[in-house]
Every structure is written in structure tokens, then in C-alpha cells.
Number of protein chains: 2
Amino acid sequence: MSDREGATATGPVLARALRILSTFDTDRRAMTLSEISRQAEIPVSTVHRLVAELAAWGALERGGDGRYRVGLRLWQVGALAPRGQGLREIALPFLEDLSQITRENVQLAVREGTELVFIERIAGSEAVPVLTRVGGRFALTATGVGLVLLAHAPTEVQDEVLSGPIDRYTECTVTDPHSLRRMLADVRTTGFSISDRQVTMDALSVAAPIHSGRGHVIAAVSLVVHHGTVSPHSLAPLVQTSARAISRTLSGAA
Amino acid sequence: MSDREGATATGPVLARALRILSTFDTDRRAMTLSEISRQAEIPVSTVHRLVAELAAWGALERGGDGRYRVGLRLWQVGALAPRGQGLREIALPFLEDLSQITRENVQLAVREGTELVFIERIAGSEAVPVLTRVGGRFALTATGVGLVLLAHAPTEVQDEVLSGPIDRYTECTVTDPHSLRRMLADVRTTGFSISDRQVTMDALSVAAPIHSGRGHVIAAVSLVVHHGTVSPHSLAPLVQTSARAISRTLSGAA
């Protein structure tokens, strides 16, 4: 490392440590030092030093196989995130009710920039398979929860999403910005969204917004069912009632 | 900052950033820069710089009130921890079954050093109130899950816990190391633990171990019920069956 780099070393150290944490993902839950080095594009000697410090604190854990995984301490601190675990704990009883009454898939998501993050999902016992994972990200344009979150996002976020490339998942995915803008206006008017075979050809989802105490839409809840088995308009009141119950409890807890 | 400090600055930067994250807790979920500075014992100018970098990455989030909270990005990375979210996702359906069948409190915990960490808890609808929080820590010596985890901990962990000060919660809390050692031997023999009014005078818990694919005890599951309503020995087979089902699924998933 050059002297010049050393002189500004307070900068890159934290950025590099965070880049190391960013290399862990659903598909990369356990990595050796050299795998982390390759993924983070940081020399292995530096990775060695930073990982040792992260592991000493508990952000990473070394397994019997010599590979590193995300540590329990990081999970514990993450559990303090109001928009993650906090929201999840308040919503969970309502999501469980919805799941037990319908036996379908229930999802809870929040917006993070121009994508959504799934906070909870309960798989219905005989429900259509869904690929969502807690902590996983997804496009705002395709799912029921995504359409609700996008409909209530700031104008600049909507503009960015609708002017960018819009992923197509099936032949039913709506990718035309003008059609999407009309759908978002409908979501704001009716109070719920319908995603009909826009993610997979066998699934349909109906979602409704969860409001904070101050009236902002902070999350969305949805039911994901087999396409063709139920009318989406018969599901909407159920999802809306559940979303309102969660909103009410959030206001009380705020 | 002196030249000398600058030269070794790669060291303290990450340590200080982690110390900042450590200041967040159940009782301190939202803090101003000066509160963080006071809690972390780091000058406010340094906190300002580190928090800005942590917030840019998403480890912290600044609210409308100017206070900082743990961010969604940290929750997302934490959700990759195998001993946290990974275990939780596999165990949740079984915990929900146990909760619905008994209508009592269900808890899932792992050992972290000389304490336990609660990974999940489901509150029974008419059950005895419990104070556990997901991500929260507790002594290994008092609860049902704690006794299971301690009984199967390495000898040096047992020695450290039993030679240290042992917290007393009620008049029923066992704090004598010799009595505790006998209880731990019983737990290993019978395959379950009973904590009778050792945490609060109205509650009793029965816990059983969850094994990894390689036979190690990696977690414990418990039912927490009103003292005096049910015989703990009638609960044990239920908790053990649930623990075994989770162990079996973990082995399959490993």
C-alpha cells in the first residue's frame, strides 16, 4: 500500500469492511477468505485483517469448515431495525391470522430505494409456491406489494423506476411505463393492487398499504394465490382489513 | 488527530464503527449523534463522520426527528446469519404448530458465549406474559432453554458460568453451582429441562435440545406456561417431539 493510501486510511477501512459484509448473499452464505477477497475486490491480506476484526466483534463467524458466515451478533443488531424486525413483530399476529384463514401465502414488504425488501412471508400449506425470501429484494413493478409501494413512493422514485429498464418475468408482466402509471393511479384510488400472472404464470397477488401513525405508506401486505382459483376482488377486502389492523396497531405503538 | 494516530488509523476506525453499532439496544433504538457519542465514548466529530458512512451504506437510518436507528440494510445482511434467520425459518412452522396446539408461549434460543439469545418467540393467546424479545440476551442458568443449552455447552463454558455470579430472579431461582450441576446432568439424561418459577413466580418452562446434522446441540425450544396449570412432565413429550422434528429438518437441509 502506498504512503498516499495510508494517509487517507481512515476512509477506506470502514468502506472496505462494509463491502466485505455486502459480499454475503442468499447464494453466498458461507465463503473462504479468498472467495471474500475475490467478491469484494480487496487484497486477501487486507480481507484477512478486516475479517478477523469483524469476527472478533461477532459480525462474522468462522465455521468448522474454515468458511465465514454472517454472525449472530449482526443478526441481533439487525433485529433492532424498526423497518425490519420492529415492523415484523407488530405485523406477525395479523399475518398469521390471514394465513390461517385463507391457507394462502402472505407477504410483507417495504420499499428500499427503487426496489422492495421482503420483511416476512408465511407459506400457505397448500398454496402456490413462491420464491420470496425474508431479506430478499425484488422489483417494484411486478408484484402486488411492489405496485402498492411504488404507487405511494415519492414522484422522483416513480420517475426513476418508470424511466429505467423494467424487468419482464412473464408474458403478462406490464412493462409499458404509461400502462404502469395508470395501474399506480388505480392503486391509489381503490386502495389495493392486483398483480395477475406478472411474476409467474400460475400466481396472482392482491396487496394493500400499511400506513404509519403519520399517514405515510410504510409497508405493504399481500396474499399470493393460484391464478384462476379466486377472484382478486374477493380477496381485496381481506387484505385491506388486515393492512388496516396492522396500521392501527403501528399507530398505537408509535 | 496527531500524525501518530493517523499512522495506525486503520485499527481504530472499524472498531469505533462497530462500537457505534453496539450502542443500539432494546432501550436505545433511536439516538441523536450526541447520544451515540456519549454511549460509545467517541468524540462527536468522529461519530458524525462514521455515522455518515454507516448511514450511506444503510447500516443506520436517519429519521424525520434527526435521530438515527438501525437500518434495513443491516437487518437484511443479519437475515443471512445461519444461527439467526436461517434456523428461525426452518423452525418456524414447527413452533407455530406447537403454539396453536397448546396456545402457550413458545421460545427458540441459541447459546452465545455464556448467555443465550432468543431467536424466536410466539406469544400464546391466553398464555402467561413473558418478557423475552427476539435478539435479546438472557442468563443460561434460569430458563428452560438456558438449562438445555448450558447442559450441552463445552465444559469450559459450564465452568465459567457456574463459577461466576449467578443471577437470582425469584426465591425459586437455583443459584447453587452444585445443585445446578445436578440439574444439568438430569437434563442430559432425560433429554429435557424444567425451569419451575426460576424466572418469574407465575411461570414454568419445559425445554428440549435441537441437534445439528452432526449431533451437536445448536439450539433449544421451550413451552412457557402458567405455573400450577399443567404438569411439566406432560409437556416434555410435546416439546421433545417438536425439537426432534426441527432437528430432522435441519439435518435434511444441511
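**A friendly note on this two-chain model**

1. Let's start with one residue, keeping in mind that this is a predicted model. Leaving aside residues up to four places away in sequence, B:Arg16 is in contact with B:Ile42, B:Thr46 and B:Leu50. You will find B:Arg16 in helix α2 of chain B, which covers residues 10-22.

2. Is B:Arg16 buried or exposed? Neither label fits: B:Arg16 has a relative accessibility of 22%, so this residue counts as partly exposed, since buried means under 20% and exposed over 50%. You can also look from B:Arg16 to B:Gly136, which lies 120 residues away along the chain; their C-alpha atoms are 23 Å apart.

3. Now turn to chain A. Its domain assignment gives domain 1 (3-77) and domain 2 (82-253). Taken over C-alpha atoms, the centres of domain 1 and domain 2 of chain A are separated by 33 Å.

4. Next, a pair of helices in chain A. Helix α7 (residues 144-151) and helix α9 (residues 177-190) pack with their axes 9 Å apart, at an angle of about 85°. That angle makes α7(A) roughly perpendicular to α9(A). On the α7(A) side the contact is made by A:Leu147, A:Val148, A:Leu150 and A:Ala151, and on the α9(A) side by A:Leu180, A:Met183, A:Leu184, A:Val187 and A:Arg188. Sorted by class, this contact has eight nonpolar residues, one charged and no polar ones.

5. Finally, how are the two copies related? A turn of 180° with a shift of 0.0 Å along the axis lays chain A on chain B, with an RMSD of 0.0 Å. The copies are therefore related as by a two-fold rotation axis. Both copies use the same surface, as 100% of the contact residues of chain A recur in chain B.

How values were computed
Residues are numbered from 1 along each chain as its sequence is written. Chains are lettered from A and ligands numbered from 1 in the order in which they are written. This is a predicted model: local features need pLDDT of at least 70, side-chain atom pairs count only at pLDDT 80 or more; totals for chains, interfaces and linings use all residues. Side-chain values use heavy atoms; hydrogens and water are left out. Helices (H or I, at least four residues) and strands (E, at least two) are DSSP runs, numbered from the N terminus. Buried means under 20% relative accessible area, exposed over 50%, partly exposed in between (1.4 Å probe, protein chains only). Contact means heavy atoms within 4.5 Å. Domain bounds come from an automatic or database domain assignment. Copies are superposed by least squares on the C-alpha atoms of residues with pLDDT of at least 70 in both. Axes are lines fitted to C-alpha atoms, for helices over the stretch in contact, and angles run from 0 to 180 degrees between N-to-C directions. Angles under 35 degrees count as roughly parallel, over 145 as roughly antiparallel, 65 to 115 as roughly perpendicular and the rest as oblique. Ala, Val, Leu, Ile, Met, Phe, Trp, Tyr, Cys and Pro count as nonpolar, Asp, Glu, Lys and Arg as charged, and the others, Gly among them, as polar.
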